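The following exercises concern a single protein model. Please study the sequence and the structure before reading each solution.

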Amino acid sequence: MSDTVIMALERALPARVPGGHFGTHSGVHFYGRRPDGSFFGTHDSGHGGWGACADHDGAGPFRTMAHGDTRIIPLELQEASLPIRIEEFSLREDSAGAGAFRGGLGYRKTYRILAPCMVQTNLDRTKFPPSGVQGGAKAKPGRFTLIDGQTGEKRPINKEKGLALKAGDLVCVETGGGGGYGLPRKRALDLIQRDLDAGYVSREAASRDYLITVEADGRARR
C-alpha cells in the first residue's frame, strides 16, 4: 500500500518519491522434534533492498516497513540450537534496480538441513517486483528455492505449509532488491565502477543496464 501511494505521487513530486522496496517479511519457519523428543522451532525473516531516491542509492538489505522489531538472528545461535547449518549469507548480486541511483540489494541465505524437520514459508511480492521511478529499473523480486540433497533438483517454495525436509536438503532464501531512480545511462561512471569492484553488480548486468563496456582489467568505460 505504501509503495502504491508513492507511485501515485511520482508525477506530482518527482524529486521526493523513492523506488519501491522489497515489501515482504520473507518468513521462513523451521520446526520439528529433537532426538530426545523435545520440540524446536524458529522463525527467520529476510531483509531486502529499499528504493533509490533523487540524490542517493537505495539502502539495504534492511527490514521492511512492516517488520516491526525483527532482527537478523546470529548465525552461531541458529546453528547451535537447531539442526541446520548456514552455508552462505551474502549480498545478492544484481538484485537492485538500475538507475542514475540504484536500489538497495537483497541478500542470499542458504540453510543446510542436518536432520529431518518441517518448513513453512511465506514470501510476497514475487509477481510484481519493486518498481523503479523516473526511468529507473525494477528490482529483482525475492524467491525461495528447495534443492534436493540427493538429486540436486530445484523447485520454488515461496508459499509452503508443513513441507517435510530431509537431511542434506538446502533451502535458499533470496530476498528482493529496491527499485532504481532515474535513467540508468545517467549513472556516474565512478559509481558503476564502485559497484563492480564491490560485487554489487556483475559485468554482464553493468554492460546491459548502464550501456558501458567493462575492459579485461575490470575498468568501466563509456
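**Exercise 1.** Determine how many disulfides a search of the whole structure finds, and explain why Cys 117 forms no such bond.

*Solution.* Step 1: In this predicted model, the search of the whole structure returns 0 disulfides. Step 2: A disulfide requires two cysteine sulfur atoms within 2.5 Å. Step 3: The cysteine sulfur closest to that of Cys 117 belongs to Cys 172 and is 16 Å away, so it is too far for a bond.

**Exercise 2.** Classify Cys 53 and Cys 117 as buried, partly exposed or exposed.

*Solution.* Step 1: Buried means under 20% relative accessible area, and exposed means over 50%. Step 2: Cys 53 has 22% relative accessibility and therefore counts as partly exposed. Step 3: Cys 117 has 5%, so this residue counts as buried.

**Exercise 3.** Locate Gln 134 and Leu 211, state the phi of each, and classify their exposure.

*Solution.* Step 1: Gln 134 is in the loop between strand 5 (117-122) and strand 6 (143-147). Its phi is positive, near 55°, although the residue is not glycine. Step 2: At 33% relative accessibility, Gln 134 is partly exposed. Step 3: Leu 211, in the loop between helix 4 and strand 10 (213-214), also is not a glycine and has a positive phi of about 55°. Step 4: With a relative accessible area of 61%, Leu 211 is exposed.

**Exercise 4.** Describe the lining of the largest pocket.

*Solution.* Step 1: The lining holds 17 residues. Step 2: These divide into 8 nonpolar, 2 polar and 7 charged. Step 3: Helix 4 (residues 203-210) gives the largest share, 4 residues.

Notes: Residues numbered from 1 in each chain as written. Predicted model: local features only at pLDDT ≥ 70, side-chain atom pairs only at ≥ 80, totals over all residues. Heavy atoms only, no water. 1 Å grid on protein atoms, 1.4 Å probe; cavity = no way out; pocket = protein on both sides within 12 Å on 5 of 7 lines; lining within 4 Å. Helix = DSSP H or I, 4+ residues; strand = E, 2+ residues; numbered from the N terminus. Nonpolar A, V, L, I, M, F, W, Y, C, P; charged D, E, K, R; others polar. Buried < 20%, exposed > 50% of the residue type's maximum accessible area, 1.4 Å probe, protein only.
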